[in-house]
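Let's take a walk through this model together, one strand and one loop at a time. Keep the 3D view open as you read.

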Amino acid sequence: MEQFTNRNLYNLEETIAAPLFEGAVYPWELLPKISSFIVELGKKLPKDRFTEVKENVWVASTATVAPTAFINGPAIIDEEAEVRHCAFIRGNAIVGKGAVVGNSTELKNVILFNKVQVPHYNYVGDSILGFKAHMGAGSITSNVKSDKTLVVVKNGEEQIETGLKKFGAMLGDFVEVGCNSVLNPGTVIGRNSNIYPTSMVRGCIPAESIYKKQGEIAGKYNR
């Protein structure tokens, strides 16, 4: 599981949430801590650059938030981020610098690193998306198993019990997810990998890979 640790998935210089990662090995360990971290960090944000627009919702002065967007706290919208028409941020969300939360996209208990794009009809719940990760139109994270059992991260014969009922997907830096794909609970995608459109993904996808379908994964540079 080494390649799916925080240090191998993410450039922590590209998120305001970097202190949250201290002492954690895997990203899903952070999911129960996002809410309290936002409240603590928000109170320390510089008042000349961030405004608490309502209780526990901090928005950078350089961010753009559409009047039709809804943001529930706790949440931080970082500098130069864009929250577009009818976006729905349910709470416990960090939207990184220059990130885009698009039309009718819903966020819940997430960290979006800088320059992440979830621009069209996406659902992202109980997930962490790395620097410049992009989810195509209609792609979603499914964050609860149909049988409601706890999520187990699986990489071949390796398994890690997370103890979490709600766990969407962990996307490394520069991951590209094709349109209308579903990332099942416990999905972890390594850095710089691509997911074909309309894919159904589960388990761990190695870095530098192209996911075509279940059981068919090609190395980017070994095709």
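In this predicted model, a good place to start is the pairing of strand β10 (residues 106–112) with β12: the two run parallel and are joined by six bridges. Within that pairing, Leu112 sits opposite Leu129 of β12. Strand β12 also has a partner in strand β17 (residues 169–171), again in the parallel sense, through two bridges. Here Ile128 has Met170 of β17 as its bridge partner.

How much of β12 is buried? Seven of the seven residues in this strand (residues 123–129) are buried, so β12 is largely enclosed by the rest of the structure.

Now for the cysteines. You will find zero disulfides in the structure. Cys86 is partly exposed, with a relative accessible area of 34%, and Cys179 is also partly exposed, at 36%.

Finally, let's turn to the backbone in the loops. As background, most residues other than glycine have a negative phi, and most peptide bonds are trans. Against that background, look at the peptide bond between Gly73 and Pro74: it is cis, with omega at about 0°. Pro74 belongs to the loop between β4 (70–71) and β5 (75–77). Asn92 is not a glycine, yet its phi is positive, at about 55°; you can find Asn92 in the loop that lies between β7 (88–89) and β8 (93–95). Tyr121, also not a glycine, has a positive phi of about 55°. Look for Tyr121 in the loop between β11 (117–120) and β12, which brings us back to the strand whose seven residues are buried.

Conventions. Residues are numbered from 1 along each chain as its sequence is written. This is a predicted model: local features need pLDDT of at least 70, side-chain atom pairs count only at pLDDT 80 or more; totals for chains, interfaces and linings use all residues. Side-chain values use heavy atoms; hydrogens and water are left out. Buried means under 20% relative accessible area, exposed over 50%, partly exposed in between (1.4 Å probe, protein chains only). Helices (H or I, at least four residues) and strands (E, at least two) are DSSP runs, numbered from the N terminus. Two strands pair if DSSP finds at least two bridges between them. A disulfide is a pair of cysteine sulfur atoms within 2.5 Å.
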